[in-house]
Amino acid sequence: PVYVTTDTDAPLIEKGSAYTWVSLVDGYVKDPSAFTCPTASKEEAVRVKSSLGGSIDLTYGMYAPLGGEPKDQIDNPDQVVLLGETDNMSADRTYDPFPFKDSAGNVVPFDAFVLGFDDSNLLPTTKSRFITRLAFPDSDQGVFAKKGHARHREGIHVLSVSGRLRTIHPDMAQFRDSADNVNPLWTVPKTRKFRN
């Protein structure tokens, strides 16, 4: 699963940390700094619960539709993004137009553990156009130029479903093009359906 939810689909946050996919796998990783890009600032990171107690910083988000899905449900696992570099809460002026809200309608303080959509956090709708929270500075207005800014000079790092490490550019944040074709990087599993 991508994260533990409250009744509003917002992340459960206790003592300043969220319960996310990292809270389930960090015990298998020798060095918890592996969950934080060395070039990311503190404001770009999410505080997440550690399975070992305490919390750790996270600057990578999981592509929401893949949460809990078996690998065999993913067409072309070498290409589809599973994890990508993120910025929390529009840090560095990144694109994040659909923040999580609690039951009172307040924006929650952490969201960059998940790669969502411009109009939904978990599954795309028929109107979804872009992927959110990717570490592309100055994309807050929904402009993703091929030679736009990225956390690294060459782009941002992503991990595919098969475990392949790649680099993507800002224009690859587009979920669906003007002809309504879904970008192969952001394919939705066979078992998931689009929301209306």
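Let me start with two residues, Tyr3 and Phe113, both of which are buried in what is, I should say at once, a predicted model. Their rings form a tilted aromatic pair, with 5.2 Å from centre to centre and 55° between the planes. Since Tyr3 sits in the segment before strand 1 and Phe113 in the loop between strand 6 and strand 7, the pair ties together parts that are 110 residues apart in sequence.

A second pair, Tyr95 with Phe130, has its ring centres 5.9 Å apart and its planes at 80°, so this one is edge-to-face. Tyr95 belongs to the loop between strand 6 and strand 7, while Phe130 belongs to the loop between strand 7 and strand 8, 35 residues away, and both residues are buried. Across the whole structure the search finds ten aromatic pairs, and Tyr63, Phe117, Phe175 and Trp186 form one aromatic cluster.

Turning to charged side chains, the count comes to eleven salt bridges. Asp57, in strand 4, is one residue to look at: it meets Lys42 with 2.7 Å from N to O, and it also bridges to Arg47 in strand 3, where the closest N and O atoms are 2.7 Å apart. What is the relative accessible area of Asp57? Asp57 is at 14% and is therefore buried, whereas Lys42, at 65%, counts as exposed, and Arg47, at 29%, is partly exposed.

Finally, Glu44 and Arg151, both buried, meet in a salt bridge of 3.2 Å, N to O, which ties together parts that are 107 residues apart in sequence. Through shared partners, salt bridges join Glu44, Glu85, Asp87 and Arg151 into one network.

Terms used. Residues are numbered from 1 along each chain as its sequence is written. This is a predicted model: local features need pLDDT of at least 70, side-chain atom pairs count only at pLDDT 80 or more; totals for chains, interfaces and linings use all residues. Side-chain values use heavy atoms; hydrogens and water are left out. Rings of Phe, Tyr and Trp (its six-membered ring) pair if their centres lie within 6.5 Å; planes under 30 degrees apart count as stacked, over 60 as edge-to-face and the rest as tilted. Helices (H or I, at least four residues) and strands (E, at least two) are DSSP runs, numbered from the N terminus. Buried means under 20% relative accessible area, exposed over 50%, partly exposed in between (1.4 Å probe, protein chains only). A salt bridge is a side-chain nitrogen of Lys or Arg within 4 Å of a carboxyl oxygen of Asp or Glu.
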